Amino acid sequence: MTSVSALKIVIVGHVDHGKSTLVGRLLHETGALPEGKVESLREVCDKRGMPFEWAFVMDALQAERDQGITIDTAQILFKTERRPYVIIDAPGHKEFLKNMVTGAASADAAVLVIDAIEGVQEQSRRHGYLLHLLGLRQLAVVVNKMDAVDFSEGRFQEVSAEISAYLAEIGVTPTEIIPAAARHGDNVSHRSANMPWYEGPTVIEALDGFAPVTEATSLPLRFPVQDVFKFDHRRIIAGRIESGNLKVGDRLLFSPSGKTARIASIEGWHVQPVAVTAVAGQSIGVTLDEQVFIERGQIASLLDNPPLGSYLFRARLFWLGRAPLSAGRRYKMKLGTAEYSVVVEKVERVIDVTDLASVDTDFVEKNAVAEVMLRSRGPVAFDEFVDNPKTGRFVLVDNFDIVGGGVISMKGLPDHRCKPDSVGDDITAVAHKVSLRDRQSVNRHKPGVLWLTGLSGSGKSTIAMEVERRLFAKGYQVFVLDGDNVRQGLNADLGFSPEDRAENVRRIGEVAHLFAQAGMIVIAAFISPYRADRDRARAASPGLFHEIFVKAPVEECQRRDPKGLYAKARQGGIAEFTGVTAPYEQPVNPELEIDTASLSIDEAVEVVLRYVEQDMQRDVDASSTEQRPDVTL
């Protein structure tokens with residue numbers, strides 16, 4: 001047999017549906033059991049006065065034999081003519097769901113076992129959904145204990161139709177649905193004479209039909225830093241390469257810090273000759289060609305394909321904590337070798353795994369599945385789970401207990417890639433000979449960026465245009481940057497994907513900064529739904545940025561709907577529309593908040609004008625504050 005990687009198969013299903021029995025029979029029929037193993041187990045059963053079960057092959061713990069249940073996951077290697085396998089036998093009891101998830105998280109494919117008598121049960125559905133949540137798309141279903149229903153084709157078809165319908169609703173199509181009687185070996189490795197009506201593959205043939213997993217070496221380089229050691233004159237960055245490969249001379253980007261350096265050497269312990277390359281799966285150390293500060297948890301990648309870096313991301317998770325998960329709660333998130341403090345920004349939906357209905361609640365109870373928004377205090381380096389499971393899966397910890405786990409999705413959110421922390425060496429900033437104070441003195445007012453953010457229909461543009469007119473009439477140098485106007489020229493090349501929306505705000509932030517440096521007051525009226533993008537705009541104009549939250553409930557904005565966008569979004573004409581199908585993150589501490597649900601436009605404009613003329617201009621030099629003549633428009 002050619003040398004191929006072992007395929008990891010997790011066996012899941014409702015308690016007592018025969019998972020461990022199936023595994024024991026598989027191992028027996030492929031010759032994977034040590035000689036005398038079955039005989040010794042039969043002797044133990046005889047001494048205890050209990051019938052022999054194939055499940056005892058896998059149930060290694062004394063407590064499991066006594067109770068007749070599987071508590072922990074167990075792994076064992078076996079081979080077919082095609083390739084080797086690692087079988088993961090996971091517990092079915094609801095109380096041990098954490099163990100089941102632990103086993104399934106490392107699997108490449110799955111087998112869902114269903115009792116022909118009982119049919120599809122709650123845990124059958126729960127396990128099926130968790131497999132989907134964990135990204136396992138290769139799934140075979142075994143309808144077990146067919147001997148208990150007299151090998152009835154009709155009963156098999158009933159169970160098959162029920163589980164197929166459920167899996168179809170979550171977007172999963174089983175590769176095979178196989179009737180079997182694992183206790184007697186029917187359709188395990190040999191076709192059963194008791195079910196001549198079945199013409200599909202045996203269980204082993206179904207396993208051999210699974211596609212090989214994508215080799216981790218073909219994915220982009222992800223090298224999470226485990227630790228930094230100091231040996232003699234060397235600082236060695238140690239860790240395990242999770243995906244991709246590297247070689248001496250490669251320039252690494254460490255995310256999310258943005259530090260970069262070249263690999264000077266690859267270090268090993270008692271390894272000869274000295275390595276010049278390393279690949280996924282290897283635990284190595286590297287030295288760098290310059291001394292940069294690197295910490296545990298950072299992820300090294302190549303410059304041309306870095307991981308994502310964001311404060312905000314979606315998570316599809318399963319909750320195992322005793323106390324419910326709720327919005328506003330803070331947890332420790334472990335991702336790779338890194339630890340982050342994250343807060344639950346929003347519980348978007350809780351999924352009832354029995355019928356896949358969305359439950360309208362702000363809490364996630366134990367053993368529930370949910371989609372939530374998480375926010376971290378600092379940038380997190382990760383990949384979407386569908387792109388790289390190694391760096392797209394996480395667990396949540398509360399008081400040293402693992403309370404949940406899940407996978408990361410950036411659907412509807414901008415694709416921010418980690419970037420080096422410095423610009424090119426050939427770029428040098430050129431200093432102006434006219435200072436900002438000189439411009440302020442001539443204009444007789446302070447410059448600034450008034451950033452109006454809020455939902456579509458909240459009144460941003462209307463307020464901005466009237467504030468511009470009124471300030472100009474008073475002699476201010478002022479200009480409005482409006483979303484629709486800017487997209488007709490400067491940003492005409494951008495669409496409305498999350499990434500393009502983020503780039504739209506980034507460019508506006510830079511343009512607004514240039515206006516402010518020219519001594520003007522620039523009014524930027526943009527939905528700008530994400531705090532991270534607004535924070536970036538603030539960072540572009542330090543000391544000059546003023547965030548104004550134009551507040552209005554989404555129901556009121558939908559009622560106004562001045563451009564007909566809400567109606568179009570509800571009809572599916574606009575994907576990921578803010579306030580309908582995409583999130584809006586309200587400002588936390590804006591410089592000014594205007595509630596347009598309770599204020600008229602004129603009242604809102606007066607609030608902004610008072611802020612500009614009083615708060616913004618408070619420390620303008622006396623020589624620059626003589627009375628301005630009003631300008632009649």
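This is a short walk through the structure, stop by stop, with something to select at each one.

**Before you zoom in**

Keep in mind that you are looking at a predicted model. Show the whole protein as a cartoon and you have 15 helices and 28 strands to look at. Of its 633 residues, 51% count as buried. The chain also folds back on itself: among contacts with a separation of 6 or more, 73% are between residues 24 or more positions apart.

**Stop 1: the largest core**

Select I9 and L22 and show their side chains. These two have the most contacts inside the largest nonpolar core, which has 61 residues. Strand β4, residues 109-115, gives the most to this core, with six residues. Now stay on I9 and bring up what it touches: away from its neighbours in sequence, the list runs Y85, V86, I87, I88, A109, A110, V111, L207 and F210. There is another core of 35 residues lying apart from the one around I9, and its members include Y331, V350, A368 and V372. In general, nonpolar side chains in soluble globular proteins tend to be buried together.

**Stop 2: helix α1**

Next, select residues 19-29, which make up helix α1. Is this helix enclosed or open? It is largely enclosed by the rest of the structure, because nine of its 11 residues are buried. Colour the buried ones to see them: K19, S20, T21, L22, V23, G24, R25, L26 and L27. You have met one of them already, since L22 is one of the two residues with the most contacts inside the largest core.

**Stop 3: T202**

Move along to T202, in the loop that links β6 (176-179) to α7 (203-208). With a relative accessibility of 2%, T202 counts as buried. Show its surroundings and you'll find I178, N187, V188, S189, H190 and R191 touching it, leaving out residues up to four places away in sequence.

**Stop 4: strand β23 and its two partners**

Select residues 401-409 for strand β23, where seven of the nine residues are buried. One partner is β15 (residues 308-319), antiparallel to β23 over six bridges. To see a matched pair, pick R314, which stands opposite S409. Another partner is β22 (residues 393-398), also antiparallel to β23 over six bridges. Here the pair to pick is L396 and G404, which stand opposite each other. β22 and β23 form a hairpin with two residues between the strands, and N399 takes a positive phi near 55° there.

**Stop 5: a cavity**

How many cavities of 30 Å³ or more are there? The count comes to one. Its volume is about 70 Å³. To find the cavity, select the residues that line it: S310, L312, M410, L413, P414, H416, Y530, A532, D533 and E585. Strand β15, from the last stop, supplies at least two residues of this lining, and so does α12 (531-540).

**Stop 6: strand β26**

Now select residues 521-525, strand β26, where five of five residues are buried. Turn on the side chains and look along the strand. I521, I523 and A525 point one way, while V522 and A524 point the other, and all are buried. That fits a general pattern: in a regular strand the side chains alternate between the two faces of the sheet. This strand has parallel partners too. β24 (residues 448-453) pairs with β26 over five bridges, with L450 as the bridge partner of I523. β25 (residues 478-482) is also joined to β26 by five bridges, and F479 stands opposite V522.

**Stop 7: Q558**

Pick Q558 in helix α13, residues 554-560. Its relative accessibility is 26%, so Q558 counts as partly exposed. Beyond its neighbours in sequence, Q558 is in contact with Y566, R570, G579 and V580. Try a distance label on the last of these: V580 is 22 residues from Q558 along the chain, and their C-alpha atoms are 9.4 Å apart.

**Last stop: T596**

Finish at T596, in the loop between β28 (592-595) and α15 (601-616). Is T596 buried or exposed? At 6% relative accessibility, T596 counts as buried. Zoom in on its side chain: one of its polar atoms lies 2.8 Å from the backbone oxygen of S458. Besides S458, the residues that T596 touches include I463, V550, K551, A552 and R560.

Technical notes: Residues are numbered from 1 along each chain as its sequence is written. This is a predicted model: local features need pLDDT of at least 70, side-chain atom pairs count only at pLDDT 80 or more; totals for chains, interfaces and linings use all residues. Side-chain values use heavy atoms; hydrogens and water are left out. Helices (H or I, at least four residues) and strands (E, at least two) are DSSP runs, numbered from the N terminus. Buried means under 20% relative accessible area, exposed over 50%, partly exposed in between (1.4 Å probe, protein chains only). A polar contact is a pair of N or O atoms within 3.5 Å; within protein, one must be able to donate a hydrogen and the other to accept it, and residues adjacent in sequence count only if both atoms are side-chain atoms. Contact means heavy atoms within 4.5 Å. Two strands pair if DSSP finds at least two bridges between them. A nonpolar core is a set of buried Ala, Val, Leu, Ile, Met, Phe, Trp, Tyr and Cys residues joined through side-chain atoms within 4.5 Å. On a 1 Å grid over the protein atoms alone, a cavity is a set of points where a 1.4 Å probe fits but cannot get out, and a pocket is an open set with protein on both sides within 12 Å along at least five of seven lines; lining residues have an atom within 4 Å of a point. Grid points are joined across faces, edges and corners, and a volume is the space filled by probe spheres set on the points.
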